[in-house]
Structure formats: structure tokens, C-alpha cells
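Open your viewer, switch to a cartoon view, and keep the selection tool handy. We will go from stop to stop, picking out residues as we go.

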Amino acid sequence: MADGMSSFWGPVTSTEWCEKNYVYSTYIAEFFNTVSNVPGILLALIGLINALRQRFEKRFSVLHLSNMTLAIGSMLYHATLQRVQQQGDETPMVWEMLLYLYILYSPDWHYRSTMPTFLFLYGAAFAIAHALFRFGIGFKIHYVILCLLCIPRMYKYYIHTTDVHAKRLAKLYLATIILGSMCWLFDRMLCEKISGWYINPEGHALWHIFMGFNSYFANTFLMFCRAQQRGWNPKVAHLLGCFPYVNIEKPKVQ
């Protein structure tokens with residue numbers, strides 16, 4: 001939202017959100033929308049360390065790295081409000097959803113090379129098209145469709161999971177995506193009214209925070225389900241008594 005001190009990055013060329021620009025620094029356009037990505041980076045780093053430490057399949061390391069890349073891209077976008085950086089935020093969003101689709105559906109896919117090849121080509125084609133054209137509402141509809149495609153398999157995993165702690169991860173995943181979406185809509189649709197308030201609730205920044213936790217809960221739940229499929233005897237442990245992560249026991253090789 002235009003206002004504040006002079007801009008280091010030049011005129012705004014991307015979509016703006018309901019936060020005044022360059023209020024705290026000439027180098028950061030939307031301060032809260034930028035720094036609110038830090039929790040997502042830290043959570044993805046925790047997930048990555050756990051995946052590497054216990055030697056989960058490489059797909060989960062890539063997934064955590066994807067979450068980190070997305071959060072960094074979002075920081076650059078909101079710090080600069082430039083079109084190129086916005087594309088650098090939105091394109092990884094689609095790549096990340098394609099990765100989720102692969103992790104969710106690949107265990108039952110009989111033609112192993114077909115799915116990753118198709119998803120890779122789809123992701124590459126989208127990146128090229130998105131660099132050439134501004135999709136606007138089309139991007140949002142496309143992203144929502146990709147998210148909706150994940151729901152049937154997530155639900156299947158949920159109903160086939162008997163572990164109470166794992167089911168709680170799935171419920172936290174659902175709760176954070178609902179709360180995050182409400183914050184996103186609140187910030188987007190009621191910006192004119194919010195602008196007159198003494199304190200801006202920073203709905204888009206809250207969306208970033210909720211989605212950082214959402215990705216972590218989703219990844220942890222999927223790691224648990226995959227470990228079950230592999231017969232690794234997974235258990236949901238809690239760091240400091242409250243922070244969930246998956247602990248596994250791989251069978252000893254005879």
C-alpha cells in the first residue's frame with residue numbers, strides 16, 4: 001500500500017498488500033510481510049535437519065528445501081515489490097504443490113518414471129509461461145486447484161492412520177490453513193476499511209506465519225505416513241514437550 005518514506009527499489013511493479021510501504025526502512029517495502037517469513041524458514045530448517053539425521057527419502061529433504069526457497073522468495077518479493085521478485089515467489093508456490101502431489105500420489109503410481117517426468121515438464125512449462133505473462137486471478141485459481149488435488153489423498157492418509165499424535169498433526173495442518181486463508185482474505189478484501197484503523201492487524205503477515213506452520217505440520221504428517229508404508233515404526237516425538245517431529249526405527253539389516 002503506497003505511503004511511507006522514499007523507495008530504494010524504485011516504483012512498485014508488483015501486486016501490493018494492505019501494509020504501508022517503506023515505513024521502517026528504505027530497503028524493505030512491506031516490513032511485516034517480509035519478516036513474517038522467518039518462522040517458515042526456521043521450521044523448514046528443523047524439518048530438513050530431522051529428515052537428513054534419520055535418513056528419510058530424499059524427497060522430504062527436497063520438500064523442506066522447497067519450503068525454505070518459497071519463504072526466501074516471498075521475503076524478496078515483499079521487500080522489493082517488484083514484478084520479477086513476485087514471480088520468484090509465485091513460481092516456487094506451484095513447484096512446491098507439484099512436489100506435494102508427487103509425495104502424496106507416487107506410492108500407488110505403478111509407472112514410476114511417468115509422474116516425476118510429467119510434473120517436472122509441467123513445472124518448467126509453468127515457469128516459462130509465468131515469466132512471459134501476468135496471470136493475476138488465473139494464478140490464484142490455478143494454485144487453489146493444485147491445493148484441492150492434495151485433499152483426497154491427505155484424507156485417505158488421515159483415515160488410515162490410527163496414531164493419535166499423527167492425527168493431531170493432520171488436524172493442525174487443517175486448522176492452520178483455514179486460519180491462514182481467513183487472514184489472507186481479510187487483508188485482501190477489507191484493506192480499505194483496515195487502512196482507517198489505528199493498528200493494522202497485518203493479515204498477510206499472519207498468513208505467512210500460519211502457512212509456515214502449515215507446511216511443517218503437513219511435512220511431518222507425510223513423513224510419518226511414509227515411514228509407516230516403509231515399515232520404519234514411526235512415532236511422533238515432541239521437542240521440549242510440545243514441538244512435534246517424527247522419530248523412526250529402521251529394521252536392522254541382517
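How far apart do the end C-alpha atoms of residues 207–225 lie, and how much of the span is helix? Select residues 207–225 to find out: the two end C-alpha atoms are 26 Å apart, and the span is 100% helix with 0% strand. Keep in mind throughout that this is a predicted model.

Next, select residues 170–187. Here the end C-alpha atoms lie 26 Å apart, and the span is again 100% helix and 0% strand. Both stretches carry the UniProt annotation "transmembrane region", from an unreviewed entry, which also covers residues 31–50 and 62–81.

**Stop: α2 and α3**

Now pick helix α2, residues 38–53, together with helix α3, residues 58–80. Their axes are 8 Å apart and the packing angle is about 165°. An angle over 145° counts as roughly antiparallel, and α2 and α3 are therefore roughly antiparallel to each other. Turn the pair until one helix lies in front of the other: α2 passes α3 in a left-handed crossing.

Show side chains to see who makes the contact. On the α2 side, look for residues including Val 38, Ile 41, Leu 45, Leu 48 and Leu 52. From α3, the partners include Phe 60, His 64, Leu 65, Met 68, Ile 72 and Met 75. Colour this contact by class and you will find 13 nonpolar residues, 4 polar ones and no charged ones.

**Stop: α4 and α5**

Move on to helix α4 (residues 83–105) and helix α5 (residues 114–132). This pair also packs at about 165°, with axes 10 Å apart. That makes α4 roughly antiparallel to α5. Rotate the view once more, and you will see α4 pass α5 in a right-handed crossing.

Which residues meet here? Among those in α4 are Arg 83, Glu 90, Val 94, Trp 95, Leu 98 and Tyr 102. In α5, they include Met 115, Leu 119, Tyr 122, Phe 126, His 130 and Leu 132. By class, the contact of α4 with α5 has 15 nonpolar, 4 polar and 2 charged residues.

**Last stop: an annotated site**

Finally, select Trp 17, Glu 19, Asn 21 and Glu 30, which UniProt lists under "binding site" in an unreviewed entry. Zoom in on Glu 19, in the segment before α1 (31–35). Is Glu 19 buried or exposed? Its relative accessible area is 3%, so Glu 19 is buried.

Terms used: Residues numbered from 1 in each chain as written. Predicted model: local features only at pLDDT ≥ 70, side-chain atom pairs only at ≥ 80, totals over all residues. Heavy atoms only, no water. Axes fitted to C-alpha atoms, helices over the stretch in contact; angles between N-to-C directions. Helix = DSSP H or I, 4+ residues; strand = E, 2+ residues; numbered from the N terminus. Parallel < 35°, antiparallel > 145°, perpendicular 65-115°, else oblique. Left-handed = near helix turned anticlockwise from the far one by under 90°. Contact = heavy atoms within 4.5 Å. Nonpolar A, V, L, I, M, F, W, Y, C, P; charged D, E, K, R; others polar. UniProt positions renumbered as here; feature names shortened; annotations may be inferred. Buried < 20%, exposed > 50% of the residue type's maximum accessible area, 1.4 Å probe, protein only.
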